[in-house]
Amino acid sequence: MSNPTLLILPGDGIGPEVMAEVRKIITWYGANRDLAFDVSEDLVGGAAYDAHGTPLHDDTMAKAQEADAVLLGAVGGPKYDSLDFSVKPERGLLRLRKEMDLYANLRPAQCFDALADFSSLKKNVVAGLDIMIIRELTSGVYFGEPRGIFKEGNERVGINTQRYTESEIERVARSGFEMARKRGNKLCSMEKANVMESGVLWREVVQRIGDTEYPDVELSHMYADAGAMQLTRWPKQFDVIVTDNLFGDLLSDLAAMLTGSLGMLPSASLGAPMANGRPKALYEPVHGSAPDIAGQGKANPIACILSFAMALRYSFDQGDEATRLEKAVEKVLADGYRTADLLGEEGRSPVSTAEMGDAVVKALDASLG
Ligand code: IPM
Ligand code: MG
């Protein structure tokens, strides 16, 4: 059988630097665990715009549809701020999500013991935190029509539309319930049913799916603003959270920061199964392109490395190998390796992006005993 295929899209800013470290990990798995991938690389975001005048070339889109999994670094940067909206780097990422129909975005927020002091919240609030946010990713106000800036009398009006169909809510709700069953069996759904009709429908549909298909899962509902408050007050009350595209964007940044650093958190965006049974899938760090530190070897590659661990788990059925990689990351942190974003006030000198990647590879070596 041929090797599974991986399409790597490093993108902009720190994307290429952190992806170079993931490449080391991929190579390690090929050499040591009999897990070889056919890797190809292409452009996305500003890098694609520079080369082709579009943030995602049709050929790249086609390759992404074919790949067993896509790994993406980050897109965007100040250089592209003045571009027309339709060709901004972010549009490349949004096109991938939409055309691959990656409706379930898994964003874990896990606090590593070694970093619990680093959170802006008290240690006892975050130590041991392990929650999973499932964000709907292909609909809602990100994609609803009508949208645009229109003329209305003698002024302009900016319009976006929040829109959810029942089937869109049903499928992401099922992703939430399934995830809850694999974890602590608790699902909290967040919307604004008090002010938005789309939220009323969201709540109804999630409740119905729970009653009829997942009566064993403990389901609760929260208004998303209260959810934000509860996430900062006592985040450990949550296990799995399912929410819409925009609320999920906000709440996942909030949850990420609870853990101490945005540089640590991976994500998986999953769609329906392909002919080979694997879900359509794109893996990317939650952090952005961090143009202020790009090209300086300062970036933390851990979020991108852990995104590859999610690929091992969700695309390639290699849960044990994913755990091996996650443990290796835990070990380098416990051993005191810190990129600049993780230094706080400890007064140590940081390791570079490449040194962090090398340390993870060494920890993988050590895991073989
Ligand atoms: C994210 C990002 C994206 C989003 C941007 C880069 C389009 O913030 O993945 O959370 O808003 O979805
Ligand atoms: Mg975001």
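The following legends describe close-up views of a predicted model.

Residues are numbered from 1 along each chain as its sequence is written, and chains are lettered from A and ligands numbered from 1 in the order in which they are written. In this predicted model, local features need pLDDT of at least 70, side-chain atom pairs count only at pLDDT 80 or more, and totals for chains, interfaces and linings use all residues; side-chain values use heavy atoms, with hydrogens and water left out.

**Figure 1. Domain 1 and domain 2 of the protein.** The domain assignment gives domain 1 as 1-108 + 262-369 and domain 2 as 130-258; such bounds come from an automatic or database domain assignment. The contact between them takes 18 residues from domain 1 and 20 residues from domain 2, where contact means heavy atoms within 4.5 Å. A distance of 25 Å separates the C-alpha centres of domain 1 and domain 2. The size of an interface is often given as the accessible area lost when the parts come together. Between domain 1 and domain 2 the buried area is about 1800 Å², with 60% given by carbon and sulfur atoms; buried area is the accessible area (1.4 Å probe) that two parts lose on being put together, summed over both.

**Figure 2. Polar and charged pairs across the interface of domain 1 and domain 2.** One salt bridge is found across the interface of domain 1 and domain 2; the term denotes a side-chain nitrogen of Lys or Arg within 4 Å of a carboxyl oxygen of Asp or Glu. Asp101 and Arg171 form a salt bridge in which the closest N and O atoms are 2.9 Å apart. Six residue pairs, both residues at pLDDT 80 or more, are in polar contact between domain 1 and domain 2. A polar contact is a pair of N or O atoms within 3.5 Å; within protein, one must be able to donate a hydrogen and the other to accept it, and residues adjacent in sequence count only if both atoms are side-chain atoms.

**Figure 3. The side of domain 1 that touches domain 2.** Both α4 (89-99) and β4 (104-110) supply at least two residues of this side; helices (H or I, at least four residues) and strands (E, at least two) are DSSP runs, numbered from the N terminus. The largest share, five residues, comes from β4. By class, the residues of this side of domain 1 are 11 nonpolar, two polar and five charged. Ala, Val, Leu, Ile, Met, Phe, Trp, Tyr, Cys and Pro count as nonpolar, Asp, Glu, Lys and Arg as charged, and the others, Gly among them, as polar. The buried residues of α4 are Pro89, Gly92, Leu93, Leu94, Leu96 and Arg97; buried means under 20% relative accessible area, exposed over 50%, and partly exposed in between (1.4 Å probe, protein chains only). After α4 comes Asp101, with a positive phi near 55°.

**Figure 4. Surroundings of Val360 in helix α12 (residues 353-367).** Val360 counts as buried because its relative accessibility is 0%. Apart from neighbours within four places in sequence, Val360 is in contact with Ile25, Ile305, Leu325, Ala328, Val329 and Val332. Ala256 lies 104 residues from Val360 in sequence and 21 Å from Val360 in space, C-alpha to C-alpha.

**Figure 5. Two salt bridges with a partner in helix α6 (residues 166-182).** Glu166 of helix α6 and Arg208 of helix α7 (residues 197-213), 42 residues apart, link distant parts of the chain. Their closest N and O atoms are 3.4 Å apart. Glu166 is partly exposed at 41% relative accessibility, and Arg208 is partly exposed at 34%. The side chains of Arg181 and Asp216 meet in a salt bridge at 2.8 Å, N to O. Arg181 belongs to helix α6 and Asp216 to the loop between α7 and β9 (218-223), with their positions 35 residues apart in the chain. Arg181 has a relative accessible area of 38% and counts as partly exposed, as does Asp216 at 40%.

**Figure 6. The salt bridge of Glu326 and Arg313.** The closest N and O atoms of Glu326 and Arg313 are 2.8 Å apart. The pair joins helix α11 (residues 319-334), which holds Glu326, to helix α10 (residues 302-314), which holds Arg313. Both are partly exposed, Glu326 at 22% and Arg313 at 26%. Elsewhere, salt bridges that share partners join Glu21, Lys24 and Asp358 into one network. The structure holds 24 salt bridges.
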